[in-house]
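Student: I should like a close look at a single strand of this protein and at what surrounds it. Could you set out how that part is placed, and then follow its surroundings outward?

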Amino acid sequence: MKLFDVYPINNIEPVKALGSTIWDEKGQEYLDMYGGHAVISIGHSHPHYVKKLTKQLKNLGFYSNSVKIPLQDELADKLGKLSGLKDYSLFLANSGAEANENALKLASFHTGRTKIVAFTKSFHGRTSAAVAVTDNPSIKAPINFADHVVFVPFNDVEATKKAIDDETCAVIVEGIQGVGGIQVATEEFMKAIRTSCDKTGAIFIHDSVQCGYGRSGKFFTFQHYKIKPDIVSMAKGMGNGFPIGGILISPKFQAKHGLLGTTFGGNHLACAAGIAVLDVIKKEKLIENAAETGNYLFSELSKLKGIKELRGQGLMIGIELLESVSEIRNKLLFEDHIFTGVAGANTIRLLPSLALTKAEAERFLEALRKYIK
Ligand SMILES: Cc1ncc(COP(=O)(O)O)c(C=O)c1O
C-alpha cells in the first residue's frame, strides 16, 4: 500500500532529537526553528516528558471517559493555575480542529444561533465547522462552504463592530494569525470584539491553538490586553508532540452529560504528556524565556535592512521579504541545517521551542545575515 500523497516533503529523515536539535539518519545535526509547526513547546524528548509518558504507558495507556481519570483533574488544575484562568472548565480533545469544532458547537448550543463572524486570512482547521470559518477556499470541499459565516478584514475595528449583531452566535479569532502570516491582533480590535460580544450576547472564541501556551511571552495572547474570551481553544504546544487539544470554557456555560464527547480526548497518555509540558513550562520558566529570547531575536532581526516587515510576539515571528523566501529557506535547511516555517510565499515563520537559547537564536541569525543584509 502507498501513502495518499498530500504532503510536499523535504528529503530529510529525522531520527533523533533533543531540545532544539534534530539529527537525521546520517547523523547530520539541525537547529529546529520551526518546532514541527509550533508543536514542540518544551523541547524535543525532554527527560521529564519522556519519564512521565514512559511511566504512564507501563501502568495504563488508555481507558475511556466512562471511568475516573484523576490525571484529567491534575491537568485541569495545573493548567488553571499556570494560565490564570482558574474559574474556567476544561474539555479535552485531540487536535486544534477538534478543539475549534467543539468551541463553535458549544457557542451554538448556548446561544441557539448560527451566524459566525470570522476574519480574512484565518486558519482554524480542516474539519467541517472549523474549515467553514477558515479563509481559504482551496481547502474547502463543496460541503464545507457555509452561508452562516461572515468574513471581516482582520484588525478592522469598525467592520468588526458592524458585523457582530443580535443574530451572531460567535466570533472566532486567532490572537496572532499563524498560517495567515504572523499577523498580530491589535489591542483595540480584541477589545472591540469583547465589547460587541457583551452587547449582543455573541460568544468570543479565541483560537490559541498556535499562538497560545506561552509562545507569545504570556500564556495566552489576550493576556497582553487584559481581556477574557468566553472560550479558548488550544492544541499544538499542549502535548509537545503527543496529540492533545482542548477548550477552556468560561463559567457562563452550563455542562450537561452528553453535550460534548470524544473517544480518545483526555486519555491517560495524553494527560501525562500535557501535565509534563506544564511542569516543565513552570519549572524552567519557559514563558519568560519565550519573551526574552523572542525579544532578542526580534530586535536583532529588526536591524536587517532587507526585511519588508517584521511581525510577531515572543517566539512567534514572521519575517516578510519583498520576494519569495523559498530559496533562502532551502539554503537555511540544506546548507546551514536549520528548519524554518513559511507563510504564503514571502514570509519566513519562526515557531521554535519555548526553550530556545540565545546561543541557538544567534546561530540562526548568523545564518540568515548571509542571505538578508
Ligand atoms: C490557529 C490554528 N487553529 C487550528 C489549527 C488546526 O489544528 P490541527 O492541525 O491540530 O487540527 C491550526 C493548525 O495549524 C492553527 O494554526
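Tutor: A residue is called buried here if 20 or more other C-beta atoms lie within 10 Å of its own, and exposed if 12 or fewer do. The model is a predicted one, and the strand chosen for inspection is β12, residues 245–249.

By that criterion, 5 of the 5 residues of β12 are buried, so the strand is largely enclosed by the rest of the structure. In a regular strand the side chains alternate between the two faces of the sheet. In β12, Gly-245, Ile-247 and Ile-249 point one way, while Gly-246 and Leu-248 point the other way. Residues on both sides of β12 are buried.

The neighbours of the strand come next. Strands of a sheet pair through backbone hydrogen bonds, either parallel or antiparallel. β12 runs antiparallel to β11 (residues 231–234), to which it is joined by 4 bridges; within this pair, Val-232 stands opposite Leu-248. β12 also runs antiparallel to β4, with 5 bridges between them. Here Ser-89 faces Ile-249, and Leu-90 has Leu-248 as its bridge partner. Leu-248 of β12 thus stands opposite Val-232 and is also the bridge partner of Leu-90.

These pairings belong to an open sheet of 7 strands in the order β4-β12-β11-β10-β7-β5-β6, with mixed pairing. β4 (89–93) and β6 (149–152) stand at the edges with a single partner strand each, so one side of each has no neighbour in the sheet. From one strand to the next, the twist averages 20 degrees. Although β4 is an edge strand, it is mostly covered, with 4 of its 5 residues buried.

The surroundings may now be widened to the nonpolar core. The largest such core has 104 residues, of which Ala-170, Val-171, Ile-205 and Ile-231 touch the most other members. Helix α8 (residues 268–283) makes the greatest contribution to this core, giving 11 residues. Domain 1 (14–42 + 290–371) and domain 2 (47–283) both supply residues to the core, so it lies between them. One of the residues named above, Ile-205, has contacts that include Ala-170, Val-171 and Ile-231, and also Ala-103, Leu-104 and Ala-107. Pro-229, Asp-230 and Ser-233 are likewise among the residues that Ile-205 touches.

The division of the chain into domain 1 and domain 2 places β12, residues 245–249, within the range 47–283 of domain 2. The centres of the two domains, taken over C-alpha atoms, are separated by 26 Å. Their contact takes 22 residues from domain 1 and 24 residues from domain 2. On the side of domain 1 that touches domain 2, the elements giving two or more residues are α1 (35–38), α9 (286–301), β13 (309–313), β14 (316–320) and β17 (347–350). The residues of that side divide into 11 nonpolar, 9 polar and 2 charged.

Three of these contributing strands, β13, β14 and β17, also appear in an open sheet of 4 strands with the order β13-β14-β17-β16 and antiparallel pairing. Its edge strands, β13 and β16 (341–343), each pair on one side only, and the twist averages 25 degrees from one strand to the next. Within this sheet, 4 bridges join β14 to β17, and Ile-319 has Ile-348 in β17 as its bridge partner.

Conventions: Residues numbered from 1 in each chain as written. Predicted model: local features only at pLDDT ≥ 70, side-chain atom pairs only at ≥ 80, totals over all residues. Pairing = 2+ DSSP bridges. Axes fitted to C-alpha atoms, helices over the stretch in contact; angles between N-to-C directions. Core = buried A, V, L, I, M, F, W, Y, C linked by C-beta atoms within 7 Å. Domains from an automatic or database assignment. Contact = placed C-beta atoms within 7 Å. Nonpolar A, V, L, I, M, F, W, Y, C, P; charged D, E, K, R; others polar. Lists of a residue's contacts leave out its neighbours within four places in sequence.
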